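Subject: Structure for you to look at, with notes on its pockets, cavity and strands

Dear colleague,

Please find below the sequence and structure that I promised to pass on to you. My notes follow it, and I would be glad if you read them with the model open beside you.

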Amino acid sequence: MGFKNYLWDEQFNLNVARGKVRGAKIVNIFGHNNSQGTAFRTVWEKSNTTDLLKPASAVQMTVASDIGTTADDGVVIRVIGLDANYAEIAENVTLNNATPPTTTNSFLRINTVVTVSGNATGNVSVSNGANEYAHVLAGTGKNQASIYTVPAGCSFYLYRIDAFMNDGASAKPGEFRNKSTLSSGVVLRVADTPYLNQMNIKRDFPFKYAEKTDIEFQIRSLSGTNYCGVF
């Protein structure tokens, strides 16, 4: 009986990944920074200098490469997020150095930015005015920010968290916490965990997050500035 249950669980997980389970999909969250400091910040490409912003209301986004030439013209970037009602939306934009494109859709949250055609040689920013909401480092093809907002009508089930901290040569101490902002505005900062080099949390029963919850995995270095990652 246990063997059959194992096979069923394995097949269910594979079928979710294959997109064959109605109403379910896999969500992977990756965040990293090369020089995370001693202040708690949501891990993303610029968390060594600033925390990750969230729009106060849904706004259109300008998508641009910082290469400064036409080298990245024609590269297609897909912005995936939520609208003012927390419904999932996605839009493809084509990079243009002369006139950086602005999305037709207005985004309240950005969950993912990914390249779908071509390869940008510059850093790609997704912003509104002076506020940058997502960043794709040159050569990576995808943003790596440890944030996810649960769409309306959905729940998010968290199975595992891994975090890392080192200086490129040796292990360093870090501290992790999980920040959740509920749709009511209540902010919870929980699962505060110090660790050396690597932290791994696996849940026998997944933790459920309700719709419209902002999930942010935050890390700080306990000694200087160091490379960090969280999955």
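A cavity, as the word is used here, is a set of grid points where a 1.4 Å probe fits but cannot get out, whereas a pocket is an open set of points with protein on both sides. Please also keep in mind throughout that this is a predicted model.

With that meaning, the structure holds one cavity of 30 Å³ or more, and the volume of this largest cavity comes to about 110 Å³. Its lining is made of 14 residues, and those that lie nearest the centre are Leu52, Leu53, Ile110, Tyr133 and Ile147. At least two lining residues come from each of strand 7, strand 9 (131–136) and strand 10, with strand 7 giving the largest share, three residues. Sorted by class, the lining of the largest cavity has nine nonpolar residues, three polar ones and two charged ones.

Turning to the open spaces, the largest pocket has a volume of about 950 Å³. There are 24 residues in its lining, and the closest to the centre of the pocket are Lys25, Ile26, Val27, Tyr157 and Tyr159. Two elements, helix 1 (2–18) and strand 11 (156–166), give two or more residues each to this lining, and strand 11 provides the largest share, which is five residues. By class, 16 of the residues that line the largest pocket are nonpolar, five are polar and three are charged.

The second largest pocket holds about 290 Å³ of space, and 18 residues line it, with Val27, Asn28, Asn111, Thr112 and Tyr148 lying nearest its centre. You will notice that Val27 is named among the residues close to the centre of the largest pocket and also among those nearest the centre of the second largest pocket. Strand 4 (76–82), strand 7 (109–117) and strand 10 (147–149) each contribute at least two residues to the lining of the second largest pocket, and strand 4 gives the most, namely three. This lining divides into nine nonpolar, six polar and three charged residues.

Strands 4 and 7 lead on to the sheet. Which strands form it, and in what order? An open sheet of three strands runs in the order 5-4-7, with antiparallel pairing. Strand 5 (88–94) and strand 7 stand at the edges and have a single partner strand each, so one side of each is left without a neighbour in the sheet. On average, and with direction ignored, neighbouring strands of this sheet are turned by 20° against each other. Strand 4 pairs with strand 5 in the antiparallel sense over seven bridges, and within this part of the sheet isoleucine 80 has alanine 90, in strand 5, as its bridge partner.

One residue deserves a separate word, and that is threonine 103, which is found in strand 6 (residues 102–107). Is this residue buried or exposed? Residues under 20% relative accessible area count as buried, and threonine 103 has a value of 1%, so it is buried. Its side chain reaches the backbone oxygen of asparagine 105 at 2.7 Å.

With best regards

Technical notes:
Residues are numbered from 1 along each chain as its sequence is written. This is a predicted model: local features need pLDDT of at least 70, side-chain atom pairs count only at pLDDT 80 or more; totals for chains, interfaces and linings use all residues. Side-chain values use heavy atoms; hydrogens and water are left out. On a 1 Å grid over the protein atoms alone, a cavity is a set of points where a 1.4 Å probe fits but cannot get out, and a pocket is an open set with protein on both sides within 12 Å along at least five of seven lines; lining residues have an atom within 4 Å of a point. Grid points are joined across faces, edges and corners, and a volume is the space filled by probe spheres set on the points. Helices (H or I, at least four residues) and strands (E, at least two) are DSSP runs, numbered from the N terminus. Ala, Val, Leu, Ile, Met, Phe, Trp, Tyr, Cys and Pro count as nonpolar, Asp, Glu, Lys and Arg as charged, and the others, Gly among them, as polar. Two strands pair if DSSP finds at least two bridges between them. Axes are lines fitted to C-alpha atoms, for helices over the stretch in contact, and angles run from 0 to 180 degrees between N-to-C directions. Buried means under 20% relative accessible area, exposed over 50%, partly exposed in between (1.4 Å probe, protein chains only). A polar contact is a pair of N or O atoms within 3.5 Å; within protein, one must be able to donate a hydrogen and the other to accept it, and residues adjacent in sequence count only if both atoms are side-chain atoms.
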